[in-house]
Structure formats: C-alpha cells, structure tokens
Amino acid sequence: LNGAIFTFTFESTTLAASEQPVTIRKKTAAKGSFHIRNMRPGVYKVAIKKAGYKVKEVAVDIPEGVRKDLKVELEKV
C-alpha cells in the first residue's frame, strides 16, 4: 500500500534516564515497501497509519544482524 506511514518506537527498560526513546518513521513506496538499515536490536512498537484505513499497532522484535520482513494488513475505515 503506497504512502502508509510506519512509526517504530524502541521499547526498552534498559534505556538510561538521559536517553531518548529511539523513533524511526518510514513511508512506503509505490509497491508498499521500505527498507531500514542498521536498526538497534530489540523490541519496537510499530504504529501504521494511512488515510482511509484504521490505525494498526504491532510489536516486532529486531534481532542483531538478521534481516526481518514485516507484513501488515490494514483495514479500511
């Protein structure tokens, strides 16, 4: 789905008080895909938004040094 916005928020109880949560935003291309290089390993909360569709939230675990595909289906409003 072209133009969907994915917001990844790093969820960790190990962040120091002075550290800001890691947030990455990506917009899907014409075929509904995107690529992120060198993400910090760990669990991310992912919010997916697109006009005309319900917001969807999922959690994804990103292992170190491993490519991960994330496939999500959005429901029309």
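A residue counts as buried here when its relative accessible area is under 20%. By that cut-off, 25% of the 77 residues in the protein chain are buried. Keep in mind that this is a predicted model. The chain has four strands and zero helices, so to speak a plain β-β-β-β run from the N terminus on. Here's the rundown, topic by topic.

**The sheet**

- The four strands make an open sheet in the order β2-β1-β3-β4, and the pairing is antiparallel.
- β2 and β4 sit at the edges, each pairing on one side only.
- On average, neighbouring strands in this sheet are turned by 25 degrees against each other, direction ignored.
- As general background, strands of a sheet pair through backbone hydrogen bonds, in either a parallel or an antiparallel way.

**Strand pairs and their registers**

- β1 and β2 (residues 23-27) are antiparallel partners held by five bridges; if you want a register marker, F6 has K26 of β2 as its bridge partner.
- On the β3 side, β1 is joined by seven bridges, again antiparallel.
- Three pairs help you line up β1 with β3: I5 bridges to K49, F6 stands opposite I48, and E11 has V43 as its bridge partner.
- F6 therefore turns up in both registers, with K26 in β2 and I48 in β3.
- β3 and β4 also pair in the antiparallel sense, over seven bridges, with I48 opposite K56 of β4.
- β3 and β4 form a hairpin with six residues between them, and G52 in that turn has a positive phi of about 90 degrees.

**The nonpolar core**

- The largest nonpolar core has 12 residues: A4, F6, F8, F10, I24, I36, M39, Y44, V46, I48, V60 and I62.
- Three strands each supply at least two of these residues, namely β1 (5-11), β3 (42-49) and β4 (56-62).
- F6 and I48, which face each other across β1 and β3, are both core members.
- The general backdrop is that nonpolar side chains tend to be buried together in soluble globular proteins.

**The loop between β2 and β3**

- N38 is in this loop and has a positive phi of about 55 degrees, even though it is not a glycine.
- N38 has a relative accessible area of 78%, so it counts as exposed.
- M39 is in the loop between β2 and β3 too, but M39 counts as buried because its relative accessibility is 18%, under the 20% cut-off.
- M39 is also listed in the largest nonpolar core.
- For a long-range check, the C-alpha atoms of M39 and G65 are separated by 9.2 Å, with the two residues 26 apart along the chain.

**E11 in β1**

- E11 belongs to strand β1, and its 41% relative accessibility makes it partly exposed.
- Besides the bridge to V43 in β3, there's a distance to note: the C-alpha atoms of E11 and G42 are separated by 7.4 Å, although the residues are 31 apart along the chain.

**The largest pocket**

- The largest pocket comes out at a volume of about 730 Å³.
- Its lining takes in 27 residues, and F34, H35, K68, D69 and L70 lie nearest the centre.
- β1 and β4 are the elements that give two or more residues to that lining.
- By residue type, the lining splits into 15 nonpolar, six polar and six charged.
- In general, rolling a probe the size of a water molecule over the atoms shows where empty space is left.

Technical notes
Residues are numbered from 1 along each chain as its sequence is written. This is a predicted model: local features need pLDDT of at least 70, side-chain atom pairs count only at pLDDT 80 or more; totals for chains, interfaces and linings use all residues. Side-chain values use heavy atoms; hydrogens and water are left out. A nonpolar core is a set of buried Ala, Val, Leu, Ile, Met, Phe, Trp, Tyr and Cys residues joined through side-chain atoms within 4.5 Å. Buried means under 20% relative accessible area, exposed over 50%, partly exposed in between (1.4 Å probe, protein chains only). On a 1 Å grid over the protein atoms alone, a cavity is a set of points where a 1.4 Å probe fits but cannot get out, and a pocket is an open set with protein on both sides within 12 Å along at least five of seven lines; lining residues have an atom within 4 Å of a point. Grid points are joined across faces, edges and corners, and a volume is the space filled by probe spheres set on the points. Ala, Val, Leu, Ile, Met, Phe, Trp, Tyr, Cys and Pro count as nonpolar, Asp, Glu, Lys and Arg as charged, and the others, Gly among them, as polar. Two strands pair if DSSP finds at least two bridges between them. Axes are lines fitted to C-alpha atoms, for helices over the stretch in contact, and angles run from 0 to 180 degrees between N-to-C directions.
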